[in-house]
Amino acid sequence: MCLIPLFSITGCFDVDIFVWLLVCAGLFGWRKRSTENTVTLKAFLAGIALTVAAMPASAQLDSIEVIGQSAPAITAAPSSTSTVLSSQDLSALPYDRLDDALSAKTGFSLFRRQPSLSANPTIQGASLRGIGPNGAGRAAVLLDGAPLNDPFGNWVNWASILPGTISSASVLPGSRPLSAGPGALSGLIAIETSQSRAGLSMRFDANSLEGGDASIVYAASLGDIDMITFAGGGLREGFIPIAQSQRGPADVSAASHNVAGGIKLGRDFGNAWRGALLLRGFSEARDNGLEGAQNDTQGFDGSVRVRTTGASAVKADIDVYGQVRRFASLFTATDAARAVTRPVLDQFSVPSYAFGGRAHLSRDWSDAQKTSLYAQADWRSGETNERFRNLGNGFTRQRAAGGRQSTLGAGLEHRARVTPQLTLDGGVRVDVLQLSRGMRVETNLDTGDLVRNDQFDERTDTVISGAAGVRYQPVAAWTLKARGYTGSRQPSLNEYFRPFRVGNDITEANPLLDIETLRGLDVSARFEPLNGHFAQVTLFRNWLRDAVGNLSVAGQAGGFIAPCGFVPTGGSCRQRGNIERSRATGVEVAAGTELHDQFSASLFYGYTRAKITRSAVNPALEGKRFAQVPTHQGSIDLRWTAPSSDINGSLIVRAQSKQFDDDLNTRALSAFAAVDLAVRWQIDETVTVRLEGINLTDTQIEAGQSSDGLITRGQPLTVRFGLSAQF
């Protein structure tokens with residue numbers, strides 16, 4: 001990766017080269033968690049500062065034009081509803097990670113109430129509208145048209161997205177079968193990278209979690225090529241996830257250390273085409289809050305985007321991408337006093353890969369008619385290699401489990417403006433999903449004998465999905481929309497083949513899982529009497545079939561329980577399985593107003609009634625609510641600017657009602673409300689000072705509850721002081 005030549009023609013040893021070398025050093029030097037990693041990251045952050053200080057005068061680029069715009073990753077149908085957060089919106093919020101901003105402003109959620117700051121990477125999958133959140137997530141996440149979802153587990157490493165590198169983040173709830181394909185079961189999150197003006201921007205933060213962050217973005221024009229280079233990283237000692245009254249000596253802070261960087265190059269080819277190359281890499285190491293429990297992630301993504309730019313009636317957007325991931329994790333268990341830990345699972349190597357492409361071809365037949373053709377082909381491969389079954393004298397078993405997946409699909413969509421007020425859209429898509437080379441092999445480490453050697457047959461499924469909608473605007477102030485859709489999601493390789501353990505709670509894999517499918521309907525009304533004033537109400541209902549869930553096989557138990565094997569006393573046994581029928585009904589309300597130049601307010605409220613309606617495997621689940629889905633959630637965002645315009649701020653109040661941590665609804669997580677604040681003082685045209693606070697009331701946010709009543713908490717009071725500069 002780091003052998004790619006990134007030499008600049010603006011001078012010898014320019015900023016982009018040095019930053020990239022720093023990123024490479026961080027990626028390759030961060031293979032194991034140790035004190036040396038902290039030193040490495042501090043050196044990395046110091047290197048950024050030294051780079052800026054040593055930047056030659058030739059880097060002052062006052063005469064260079066603004067970097068060209070990228071094509072949108074997804075063009076939403078006229079009948080779609082969406083929320084778009086611009087770079088200005090994101091910079092005004094008191095959050096340094098995108099998942100926090102999306103959680104506060106939309107119906108987005110990770111698996112639990114833990115942000116990516118403290119959550120294990122394997123539960124950072126994205127879901128929308130409470131449609132059965134799980135660790136893998138049920139929403140597709142794209143960055144400049146290329147997937148961010150992990151090839152093996154489908155989760156997303158949110159720490160890899162640096163502040164200041166995002167131009168916009170669009171949240172499109174409801175299945176997106178035509179443009180996004182399988183995987184966008186509950187919706188799509190389309191992220192566009194920054195289109196910074198030429199020059200240099202920097203960000204430095206120090207926080208109350210005994211850590212800090214730094215990032216740098218450098219944009220320039222190199223002849224015919226537009227370039228953006230970015231790098232950054234952070235370290236924090238974090239907080240102890242276990243509630244204070246339940247902690248023991250073995251409970252430690254969920255410390256994390258991350259570094260990321262990349263380069264984006266764009267060029268116009270004549271007056272008809274534009275191409276862009278994006279290369280990005282990241283590394284993250286973290287403690288999981290229990291002595292000895294750690295994980296590491298490294299990744300590299302590359303993508304090429306080609307699009308038409310002329311006035312031709314025929315347009316094309318083509319994305320080709322590749323992913324490489326490395327993951328390792330060590331899980332530990334503790335005694336009843338939480339004083340001593342022992343390793344229970346050593347996931348020492350989880351390599352995964354993906355590559356593929358998407359194409360969107362469209363033809364404007366007239367000002368009122370447009371036809372689009374979508375195509376997708378991708379391939380994913382991954383496996384876990386892990387040691388397990390430690391009864392006190394070290395690991396006695398080793399497991400390899402994984403396989404391959406591929407998708408080949410095409411869709412056709414047509415949009416027609418029937419009258420100036422009425423627009424119709426609809427289409428259909430066919431996808432062929434293949435699962436192959438599935439295996440689970442377990443070996444006795446003492447003797448080398450095979451204990452288990454499962455080789456699974458190849459499976460091919462054909463899924464037909466589609467969407468149809470109407471947009472009606474009777475008068476300028478009112479817009480009415482209705483949209484029906486179907487969607488699908490193939491379970492991840494992780495869900496098919498890998499069992500896992502959290503403490504004494506064991507969950508078995510299931511290679512016989514069926515593909516999830518969904519039917520849904522949205523109806524919305526938007527009232528926008530004046531610019532800056534709007535109100536929107538959306539009603540939705542989704543029928544989910546064969547949702548993958550962690551289904552309880554036995555509750556409090558001890559001894560050998562099939563299919564989990566030995567379950568410690570007080571632990572539980574679950575297995576991934578398909579829940580035949582589920583339903584989610586809800587309403588989303590969004591409103592905003594700008595009272596004058598100095599004050600604005602916005603509101604989001606979501607009501608979701610998500611429950612299981614049929615489960616033949618476990619009838620006790622019928623009528624139960626989805627785990628990790630609150631009935632009510634919402635936020636109020638107040639923003640103001642001082643008359644002098646030098647100081648501005650935002651105050652966010654967010655809240656969620658009670659939810660359950662398990663499928664049987666026996667472990668309730670309390671409702672909460674939290675207050676977040678950001679104040680910014682622009683000292684001059686280039687420098688801004690920031691003071692930000694998360695959960696100012698230090699509310700205990702219950703994020704999880706184990707079978708023995710152990711409470712895991714979300715982010716406590718966190719204060720951050722920062723400095724931003726742009727030249």
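**Close-up views of a strand-rich model**

The protein has 5 helices and 36 strands. What you're looking at is a predicted model, so a word on confidence comes along with the views.

**View 1. The whole chain, before zooming in.** Of the 727 residues in the protein, 57% count as buried. About 28800 Å² of the protein is exposed, and carbon and sulfur atoms supply 58% of that area. Looking at contacts between residues at least 6 apart in sequence, 66% join residues at least 24 apart.

**View 2. Residues 1-73, the stretch to handle with care.** Across residues 1-73, pLDDT stays under 50. The model still has 139 contacts beyond four places in sequence for this stretch. For the protein as a whole, pLDDT averages 86, and 88% of the residues score at least 70.

**View 3. Helix 4, mostly under cover.** Helix 4 spans residues 98-105, and 7 of its 8 residues are buried. The buried set is Leu-98, Asp-99, Asp-100, Ala-101, Leu-102, Ala-104 and Lys-105. So charged names such as Asp-99, Asp-100 and Lys-105 sit on that buried list along with Leu-98 and Leu-102.**View 4. Strand 32 and its two partners.** Strand 32 covers residues 672-682, and strand 29 covers residues 647-656; they pair in the antiparallel sense over 10 bridges. Strand 33 (residues 687-694) also runs antiparallel to strand 32, joined to it by 6 bridges. Strands 32 and 33 form a hairpin, with 4 residues between them. To follow the pairing from strand to strand, pick out Val-679: this residue of strand 32 is the bridge partner of Gly-649, and in strand 33 its own bridge partner is Leu-691.

**View 5. A nonpolar patch on the surface.** Phe-269, Trp-273, Leu-277, Val-304, Val-306, Ile-318 and Val-320 make a nonpolar surface patch of about 540 Å². Which strands each supply at least two residues of this patch? They are strand 12 (273-287), strand 13 (294-308) and strand 14 (314-334).

**View 6. Val-320, one member of the patch.** Val-320 is found in strand 14 and is one of the residues that make the nonpolar patch. Is Val-320 buried or partly exposed? Val-320 counts as partly exposed because its relative accessibility is 46%, and that class lies between the buried cut-off of under 20% and the exposed cut-off of over 50%.

Definitions and conventions: Residues numbered from 1 in each chain as written. Predicted model: local features only at pLDDT ≥ 70, side-chain atom pairs only at ≥ 80, totals over all residues. Heavy atoms only, no water. Buried < 20%, exposed > 50% of the residue type's maximum accessible area, 1.4 Å probe, protein only. Contact = heavy atoms within 4.5 Å. Areas by Shrake-Rupley, 256 points an atom, 1.4 Å probe, with all protein chains shown as cover. Pairing = 2+ DSSP bridges. Patch = residues over 30% accessible without salt bridge, like charges linked within 9 Å, V, L, I, M, F, W, Y side chains within 5 Å. Salt bridge = Lys/Arg side-chain N within 4 Å of Asp/Glu carboxyl O. pLDDT = per-residue confidence, 0-100.
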